[in-house]
Amino acid sequence: MKKFYSLLLAGACVASVSAAPLAQSKIQMSKVGSFRGETVEAQMPENVKKSPAKAPQGTWKSIGEGTASEGLLSLYTSVAAGTQWGIEIEESETTPGWYRTVLYNENSPLMELVGEADTQYVYINATNPSQVYTEDFNILGLFDVYELCPESLVWSAVSSQPTPQYGTLKDGVIQFPYRSHVMTIPDAEEGSLYYTNSYETFAIALPGHDLPNYGDKPGYNLLGEAEFVDNIMSVYYDQQDVKSTVKVYQNKFNNSNYSITSPFTQYESVPGENLEINAAYPECCVLYQTNTGVMGECENPNKEGEWLECLTSILSRSANAQNAAAFMAQTPYDGTTQVSQTLTVPNSYFYVTLKNDVLTFGRMSILYYYPDVDAEHIFSLNPEYCRESYIKFPENTGENDGVEDAIADSNANAPKEYFNLQGMRVNNPANGIYIVRQGNKVSKQYVK
């Protein structure tokens, strides 16, 4: 395997993730959205963590052991959606239908990650089986969790209120719908709320009842098998166009999200994560940060000349769906970028695209990350090693049939959305340069 230094940009210059000015090949990781979740726009009250408690006072009695299904943290940890474990459930003696439980207890798979069990109760109001909700709660002192319903603190804070996302109680199972909750994430941008329960697997079975079997890939429909032609990791093995068979899944709640299983098992690797693709902008898709399972070698940032073996993660330059619009505006697909003193490359090299059911990873669209050795930086390959990678999706997906015509017809009548140059939505733009999205068309405009 090649040492990492031979793959780096020789000129030590590469287009930054935010895409405009040139930056060092060691790009600050803080500039990259590494979370797979998408944010909901909200103005949270200062110094307030949760709404006033509504749970009844008085005594609670144990009704036995129930079962919890993971749905809250699966986007942000290695705990798989639909994982199930036992929980002790208590019911209010004064107000039957109110339940409480320590969700992430000593039986939960989160224990293996953090080494300690949670001790905080989650209170659930199921007195109305068709409008079940959780009170605002915290997980391990790290994640503040809110249900998107009027009983929650966030309800009056979100910019455009969605339909209340109540859960239901049926046949002894409390089931919460797709994106029923949002939460804060440690080290993320302050005040940001991230959608969770994106696979609709957050559920609790009361004692004596069973949860449904969510399957191997909950929240997704299998499109079929496809050929993956890889030049993302093959360069480490002095190979080109390494072919393998992968399975392609499409999110059944959001058909612009895809999951591609076991993309790098053809190499000497430990099991890695699936490639999670957001194709909300087919001309600028997002690959969320992914642990490939492939071992690489990276120079120790604290000791020059010392090389350490470590797992390799990858992500696209348009690192999250929120800044894809900014990326397209600041790095026009048909433009060029100087990546060294002597080399200029087409901006198309930096894009991941989905067109005619072919997912194409541009030559320099993927960045490499070694969190075990250098959590502060990400890296780009030297262009001489870069080749396109692509996956031909199974036929008849229907995802992009006629998409170009539909976009052309709808853009003129679509409402305009405004973003600042950092990719954050602006509701009332004034006196400045903004990124404007109208339908699927993105441009940079001056607003008076």
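Strand E14, which spans residues 181-183, pairs with strand E15 in the antiparallel sense, and three bridges join the two. Within this pairing, Met 183 has Tyr 194 of E15 as its bridge partner. The model in which these strands appear is a predicted one, and the description that follows should be read with that in mind.

Strand E15 is covered on both of its faces, with Leu 193 and Tyr 195 buried on one side, and Tyr 194 and Thr 196 buried on the other. Just beyond the strand comes Asn 197, which lies in the loop between strand E15 (193-196) and strand E16 (203-205). Is Asn 197 buried or exposed? Asn 197 counts as buried because its relative accessible area is 0%, where the cut-off for being buried is under 20%. The backbone of Asn 197 also deserves attention, since its phi is near 55 degrees, a positive value in a residue other than glycine. As a general background, most residues other than glycine have a negative phi.

A second residue with a positive phi is Asp 171, whose value is about 55 degrees although Asp 171 is not a glycine. Asp 171 is also found in a loop, in this case between strand E12 (168-170) and strand E13 (173-175). Asp 171, however, counts as exposed, because its relative accessibility is 62% and the cut-off for being exposed is over 50%.

From these local details we can turn to the interior of the chain. In soluble globular proteins, nonpolar side chains tend to be buried together. Here the largest nonpolar core has 52 residues, and Leu 359, Phe 361 and Ile 391 are those with the most contacts inside it. Helix H2 (residues 324-330) gives this core its largest share, namely six residues. A second, separate core of 33 residues includes Met 183 and Tyr 194, together with Ala 68 and Ala 126; Met 183 and Tyr 194 are the bridge partners already met above.

Taken as a whole, the chain has three helices and 34 strands, and 55% of its 448 residues count as buried. Among the contacts with a separation of 6 or more, 59% are between residues 24 or more positions apart.

Confidence in the prediction varies along the chain: the average pLDDT is 80, and 77% of the residues score at least 70. Over residues 1-35 the pLDDT stays under 50, and the model has 110 contacts beyond four places in sequence for this stretch. Over residues 397-410 the pLDDT likewise stays under 50, and there the model has 13 such contacts.

How values were computed
Residues are numbered from 1 along each chain as its sequence is written. Side-chain values use heavy atoms; hydrogens and water are left out. Helices (H or I, at least four residues) and strands (E, at least two) are DSSP runs, numbered from the N terminus. Buried means under 20% relative accessible area, exposed over 50%, partly exposed in between (1.4 Å probe, protein chains only). pLDDT is the predictor's confidence in each residue, from 0 to 100. Contact means heavy atoms within 4.5 Å. Two strands pair if DSSP finds at least two bridges between them. A nonpolar core is a set of buried Ala, Val, Leu, Ile, Met, Phe, Trp, Tyr and Cys residues joined through side-chain atoms within 4.5 Å.
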